[in-house]
Structures are given as structure tokens and as C-alpha cells.
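Trainee: Hi! Could we go through this structure together before I set anything up?
Mentor: Happy to, let's bring it up on screen.

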Amino acid sequence: APPRTPEGILNAALKGSSSAFEGAQQTRVWTDTGSLTTDVRVWGNGKGAVRSEYRSGAAKGAVVLRVGDRSWSRTSAGVWTALPAHSETARAKLILANYRVSLGAAGTLAGRSAVPLNITAKYAFNPSRKMWVDAFTGLILRDDLFAPDGKPRSSTKFTSVTYKAQSVSMFQQPSRVTPAPSTGPNSLRAAASASEAQKLSGRPTPKPAY
């Protein structure tokens, strides 16, 4: 049976749909000068694999593939790059530790019965989030992110979705992947101590303070 508690629905949503599907999404991102909209085609195998293809906007032609905890992105030129690995179970634990999760009144979205999941920050400096989750499959039908001041940051929603079996080839992991970037999140690693960090960076390592 589908989960009915806020925690259960959150865990199900982060794991992905329990049924194979394909659908059309529209993503809108707000910037200081306005907003940008992108159309995305999405497929899922119901077992933790999701493929997203960008059909319009600045990212047109790009592909993002997720299989379990591993993810890759492909440019319009066909070059695959590995993305940082992440655990959905760990993400759920972090959300539950730092946010209040509650359910809203059920409704209908993209022709499906949907349960609103309100993710409200415990601390004023954190963003907040609202997701509409398919009550029977756990698929996130809409996902809205808000800045700490309540202004919208992004919104991704399914405009249509169909549940049916998908070809295994849609989720084939790339055989050739470019090395991780030498800068940015992919290049970071933890130092064993403050003195090691100072030696590696050549700079002081003051302790964070609020």
C-alpha cells in the first residue's frame, strides 16, 4: 500500500516512481532579471532509473541520466560527464532533520491523484519546498523551490504522464565518460585536519562562526 505519513511519502518521492512511466515536464527558473522556461521529456523504469531530455531553452539537446545513486549528464555534442553521487536515503534524513514536513489536501495534477508535501524550513536562512506527489506511485508531479524570503526559485511540473513499460536501452549507462572537473564540487575532498587543509591551500583555516 502507498505510504500515508509525511515521512513515508517523502522517502517514496525521493526514491522515484514505483511504476515505469514517460511524460512531459516544464521547468521554470527565476533569476534577478526574469525567468526562463524549458520543456523536458522524462522516462523512468520504476526501479530508480530516470532519463531526462531537454527539448528547449539554453540546455536544449542535453540529457541527464540517473541510475540508483549514480548520475551523468550529456551535452548536446554527446559528451557524457559523471555527476556527484548521492544517496536518496541520506537526503531524506537531512531534510527531516532540518525541515518540518506536512501534508496538504489531496487534489489532481496531470490527471493523477496528488498529495501536496510541504517542506518548511526550521531555520529562517534555509529555502523551502513544496512537492505534489502521485498518491499511488510516489512520482513527484510538481516540485517548487522557494528562497528563504519566500520568492520562487524554480518550478518543475508534469504537463502529462503515462505509466507503461520502458525500453531497457533508455537507461543504459554511458560507456565513455569524461573525467570529473578539476574545479568545483567534483574536485573537493575532506582534509584530515585544519593543519592539513592549511598546508594544501597555503591559507589560514579559521573555524566557522555564526
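Trainee: Let's jump right in. Which residues line the largest cavity?
Mentor: Keep in mind that this is a predicted model. The lining of the largest cavity is made up of Lys 15, Gly 16, Ser 17, Phe 21, Gly 44, Asn 45, Gly 46, Lys 47, Gly 48, Ala 49 and Val 50.

Trainee: And what volume does the largest cavity have?
Mentor: About 30 Å³. The structure holds 1 cavity of 30 Å³ or more.

Trainee: How does the lining of the largest cavity split by class?
Mentor: There are 6 polar, 3 nonpolar and 2 charged residues in that lining.

Trainee: Okay, and pockets? What is the volume of the largest pocket?
Mentor: The largest pocket comes to about 1100 Å³. Its lining counts 34 residues, and those nearest the centre are Arg 66, Arg 91, Arg 129, Ile 140 and Asp 143.

Trainee: How many residues of the pocket lining are nonpolar, polar and charged?
Mentor: The lining of the largest pocket has 18 nonpolar, 11 polar and 5 charged residues.

Trainee: Which element gives the largest share of that lining?
Mentor: Strand E1, residues 21–31, which contributes 4 residues.

Trainee: Let me zoom out for a second. How many helices and strands does the chain have?
Mentor: You'll find 3 helices and 12 strands. The C-alpha atoms fill a box of roughly 55 × 40 × 40 Å along the principal axes.

Trainee: What percentage of the chain is buried?
Mentor: Of the 210 residues, 33% are buried. As for contacts between residues at least 6 apart in sequence, 41% of them join residues at least 24 apart.

Trainee: Now the helices. Which residues of H1 are buried?
Mentor: In helix H1, residues 6–15, the buried ones are Pro 6, Ile 9, Leu 10, Ala 13 and Leu 14. Looking down the axis of H1, these buried residues sit within an arc of 130 degrees, so they line one face of the helix.

Trainee: What covers them?
Mentor: Quite a list! The cover of the buried residues of H1 includes helix H2 (88–98) along with strands E4 (63–67), E7 (99–103), E9 (112–121), E10 (128–134) and E11 (140–146).

Trainee: What comes just after H1?
Mentor: Gly 16, with a positive phi of about 105 degrees. You have met Gly 16 already, as one of the residues lining the largest cavity.

Trainee: Where else is there a positive phi, at a residue that is not a glycine?
Mentor: Ala 110 has one, at about 55 degrees. Ala 110 is placed in the loop between strand E8 (107–109) and E9, and with a relative accessible area of 28% Ala 110 is partly exposed.

Trainee: Back to H2, then. Which of its residues are buried?
Mentor: Glu 88, Ala 92 and Ile 95. Down the axis of H2, the buried residues fall within an arc of 65 degrees, so they line one face of the helix.

Trainee: What do the buried residues of H2 pack against?
Mentor: They pack against H1, E4, E7, E9 and E10. On the face of H2 turned away from the buried side, you get the exposed residues Lys 93 and Leu 94.

Trainee: Switching to rings: how many aromatic pairs are there?
Mentor: The count is 3. One of the pairs is Phe 21 with Phe 158, edge-to-face, at 6.0 Å centre to centre and 80 degrees between the planes. The two rings come from distant parts of the chain, with Phe 21 in strand E1 and Phe 158 in strand E12, 137 residues apart.

Trainee: Are Phe 21 and Phe 158 buried or exposed?
Mentor: Both are buried.

Trainee: And why is the pair of Phe 21 and Tyr 163 edge-to-face?
Mentor: The planes of Phe 21 and Tyr 163 stand at 65 degrees, with the ring centres 6.5 Å apart, so the pair is edge-to-face. Angles over 60 count that way. Ring pairs link Phe 21, Phe 158 and Tyr 163 into a cluster.

Trainee: How accessible is Tyr 163?
Mentor: Tyr 163 counts as partly exposed, at 24% relative accessibility.

Trainee: Last one: where is Arg 189 found?
Mentor: Arg 189 is in the loop between strand E12 (152–163) and helix H3 (194–201). Arg 189 is exposed, with a relative accessible area of 59%. Leaving aside neighbours within four places in sequence, Arg 189 is in contact with Glu 196 and Leu 200.

Conventions
Residues are numbered from 1 along each chain as its sequence is written. This is a predicted model: local features need pLDDT of at least 70, side-chain atom pairs count only at pLDDT 80 or more; totals for chains, interfaces and linings use all residues. Side-chain values use heavy atoms; hydrogens and water are left out. Buried means under 20% relative accessible area, exposed over 50%, partly exposed in between (1.4 Å probe, protein chains only). Helices (H or I, at least four residues) and strands (E, at least two) are DSSP runs, numbered from the N terminus. The arc is that of the directions from the helix axis to the C-beta atoms. Contact means heavy atoms within 4.5 Å. On a 1 Å grid over the protein atoms alone, a cavity is a set of points where a 1.4 Å probe fits but cannot get out, and a pocket is an open set with protein on both sides within 12 Å along at least five of seven lines; lining residues have an atom within 4 Å of a point. Grid points are joined across faces, edges and corners, and a volume is the space filled by probe spheres set on the points. Ala, Val, Leu, Ile, Met, Phe, Trp, Tyr, Cys and Pro count as nonpolar, Asp, Glu, Lys and Arg as charged, and the others, Gly among them, as polar. Rings of Phe, Tyr and Trp (its six-membered ring) pair if their centres lie within 6.5 Å; planes under 30 degrees apart count as stacked, over 60 as edge-to-face and the rest as tilted.
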